[in-house]
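Ready for some practice in reading a protein model? Take a pencil and work through the exercises at your own pace.

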Amino acid sequence: MNVDAMGRRLRAGEREEILDEMSVPLAMPRKLSHNTTDTTDDGSRVVGEKVLARGDWLELSQRTYVDPDGVNRVWEGCSRLGRAPGSRVDNVMVIAWYRRMLHYDCVVLVKQFRPALNAHTIEVPSGLVLENETPEQSAERELLECTGFLGTSRKVGPVLAADPSMSGSALRIVTVEVNGDEPGNNFINARAAGERHKVPILVPVSELLEKLRAFAQAGFIIDSRIDAFAIGLVMGNSGRKVKKSAPPV
């Protein structure tokens with residue numbers, strides 16, 4: 001069964017199951033149990049580091065840190081070696097909205113082989129931030145290199161952890177808009193794959209989660225961040241529908 005057929009099956013019979021699995025109370029408590037004004041200063045700190053291995057792009061190190069109870073502990077993790085001097089982030093993740101007259105709004109995805117997973121993945125365009133680049137410039141360059149689309153950055157998110165349990169890598173999510181009616185953007189550019197061998201894919205926003213589930217069933221590994229984004233879209237839409245249909249109090 002191909003991806004499109006799987007997507008149709010999901011739309012026909014499994015959408016309600018997805019919503020049921022993700023359903024959450026719509027009424028949030030007035031006061032959270034945790035004090036959201038707490039600072040990060042609980043005494044935890046790194047007090048030593050030993051490099052275990054170093055390659056061309058990554059470094060594996062063993063860090064000694066003090067936990068909130070004052071106990072020394074050891075943790076192993078990796079870091080990127082290509083972070084630009086003075087930068088707080090290694091890379092950007094691009095949420096690209098493809099908009100074209102009389103067409104559904106789409107999210108731009110890429111398919112590629114990831115040696116670390118020994119599998120093909122479904123992701124959004126992403127890549128390293130080069131020296132002297134702003135997050136916006138990096139996002140627009142990566143989008144062009146990955147897909148051939150020319151886009152305009154609209155919003156830059158805060159500094160986020162990429163994989164905090166294993167890596168010191170940090171990123172920013174940049175929202176980019178692609179005008180599909182502009183010359184060069186009204187078709188998927190095959191030249192974009194180039195040496196990177198990345199295949200661009202356009203998926204309608206309303207079908208994003210269903211398509212990702214179908215790709216997963218077909219054997220692809222889905223980037224957790226775009227999957228979480230798709231779940232958020234479905235939950236947000238479901239919440240609005242329930243709120244509109246609720247009787248007046």
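Here are three exercises with worked solutions, all on this predicted model.

**Exercise 1.** Check whether the length of helix H2 agrees with the span expected at 1.5 Å a residue.

*Solution.*
- Step 1: Helix H2 covers residues 135-147, which makes 13 residues.
- Step 2: The expected span is 1.5 Å times one less than the number of residues, so H2 should span 18 Å.
- Step 3: The end C-alpha atoms of H2 are 18 Å apart, which agrees.

**Exercise 2.** Describe the salt bridge between Glu145 and Arg141, and decide how accessible each residue is.

*Solution.*
- Step 1: The closest N and O atoms of Glu145 and Arg141 are 3.4 Å apart, and the cut-off for a salt bridge is 4 Å.
- Step 2: Both residues belong to helix H2; because they are 4 residues apart there, about one helical turn separates them.
- Step 3: Buried means under 20% relative accessible area. Arg141 has 18%, so Arg141 is buried.
- Step 4: Glu145 has 32%, so Glu145 is partly exposed.

**Exercise 3.** Work out how the strands E1, E2 and E3 are arranged in their sheet.

*Solution.*
- Step 1: The order is E1-E2-E3, in an open sheet with antiparallel pairing.
- Step 2: Strand E1 (45-54) and strand E3 (72-80) are the edge strands, as each pairs on one side only.
- Step 3: From one strand to the next, the twist averages 25°.
- Step 4: Look at strand E2 (residues 58-66) beside E3: they pair over 9 bridges. For Leu60, the bridge partner in E3 is Cys78.

Conventions: Residues numbered from 1 in each chain as written. Predicted model: local features only at pLDDT ≥ 70, side-chain atom pairs only at ≥ 80, totals over all residues. Heavy atoms only, no water. Helix = DSSP H or I, 4+ residues; strand = E, 2+ residues; numbered from the N terminus. Pairing = 2+ DSSP bridges. Axes fitted to C-alpha atoms, helices over the stretch in contact; angles between N-to-C directions. Salt bridge = Lys/Arg side-chain N within 4 Å of Asp/Glu carboxyl O. Buried < 20%, exposed > 50% of the residue type's maximum accessible area, 1.4 Å probe, protein only.
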